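The following exercises are to be worked with the sequence and the coordinates at hand. Each task is followed by a solution in steps.

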Amino acid sequence: MRIGHGYDAHVFADGRRLVLGGVNIPFTRGLAAHSDGDVIIHALCDALLGAAALGDIGRHFPDTSPEYRNIDSRILLRKILTLLEEQNLKVANVDATVLAQAPKLAPYFDAMRTFLAGDLKIPIGRINIKATTTEGMGFIGRGEGMAAYAVALLDERE
Ligand code: MG
């Protein structure tokens, strides 16, 4: 088996949708990014690529490429799963932590897990998502943006 770790952060911006784990979340601001700014999926993509020793999300999907402008990050996630399958790897489980002062994200976790389970072709019980504030500390606490950490475990396919 192989383990990988990922991290991502984006700054809040007006006039953007907030998309996390593929779910549209009602909020006053969204996250600025070349793609849809889905920090959870970006951290997860890097964890998966890391476990497979395939580099990082920026290498596979450059933010200078018009092809990926405002792209649904679930498309990137599914492309990465294809890369893993080409390496004869499958996802064993993933775990992500979102850092955000607001909004409350717990009501959306199951919808996120359902999307990610479909994209990664694993049962929902192998996906965990959780959130924490930073108790007002730092750029997260000041509400300047959001960040996410993820870890992924891969197995060889039989
Ligand atoms: Mg990102």
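The exercises below concern a predicted model and treat a helix, a pocket and aromatic pairs.

**Exercise 1. Determine whether the end-to-end distance of helix H1 agrees with its number of residues.**

Solution. Helix H1 covers residues 39–51, which gives 13 residues. The expected span is 1.5 Å times one less than the number of residues, so H1 should span 18 Å. The C-alpha atoms at the two ends of H1 are 18 Å apart, in agreement with the expectation.

**Exercise 2. Establish how far H1 is enclosed by the rest of the structure.**

Solution. A residue counts as buried under 20% relative accessible area. The buried residues of H1 include Val39, Ile40, Ile41, His42, Ala43 and Leu44. Further along H1, Cys45, Asp46, Ala47, Leu48, Leu49 and Ala51 are also buried. Because twelve of the 13 residues are buried, H1 is largely enclosed by the rest of the structure. Just after the helix, alanine 53 adopts a positive phi of about 55°.

**Exercise 3. Describe the largest pocket by its volume, its lining and the elements that supply the lining.**

Solution. The space in the largest pocket amounts to about 270 Å³. Its lining consists of 16 residues, and those nearest the centre are Ser35, His42, Ile57, Phe61 and Asp63. His42 is also one of the buried residues of H1. By residue class, the lining contains eight nonpolar, five polar and three charged residues. Strand E1 (2–13), H1 and helix H2 (57–60) each contribute at least two lining residues. The largest share, three residues, is supplied by E1.

**Exercise 4. Classify the aromatic pair of tyrosine 7 and tyrosine 149, and locate both residues.**

Solution. There are three aromatic pairs in the model. In the pair of tyrosine 7 and tyrosine 149, the ring centres lie 4.9 Å apart and the planes meet at 45°, so the pair is tilted. Tyrosine 7 belongs to strand E1 and tyrosine 149 to strand E7 (residues 145–156); the pair links distant parts of the chain, 142 residues apart. Tyrosine 7 is partly exposed, at 38% relative accessible area, and tyrosine 149 is partly exposed at 36%.

**Exercise 5. Classify the pair of phenylalanine 12 and phenylalanine 27, and state whether each residue is buried or partly exposed.**

Solution. The centres are 5.6 Å apart and the planes stand at 45°, and the pair is tilted. Phenylalanine 12 lies in strand E1, whereas phenylalanine 27 lies in the loop between strand E3 (23–25) and strand E4 (30–31), 15 residues apart. With 10% relative accessibility, phenylalanine 12 is buried. Phenylalanine 27, at 30%, is partly exposed.

Conventions
Residues numbered from 1 in each chain as written. Predicted model: local features only at pLDDT ≥ 70, side-chain atom pairs only at ≥ 80, totals over all residues. Heavy atoms only, no water. Helix = DSSP H or I, 4+ residues; strand = E, 2+ residues; numbered from the N terminus. Buried < 20%, exposed > 50% of the residue type's maximum accessible area, 1.4 Å probe, protein only. 1 Å grid on protein atoms, 1.4 Å probe; cavity = no way out; pocket = protein on both sides within 12 Å on 5 of 7 lines; lining within 4 Å. Points joined across faces, edges and corners; volume = space filled by probe spheres on them. Nonpolar A, V, L, I, M, F, W, Y, C, P; charged D, E, K, R; others polar. Phe/Tyr/Trp six-rings, centres within 6.5 Å; stacked < 30°, edge-to-face > 60°.
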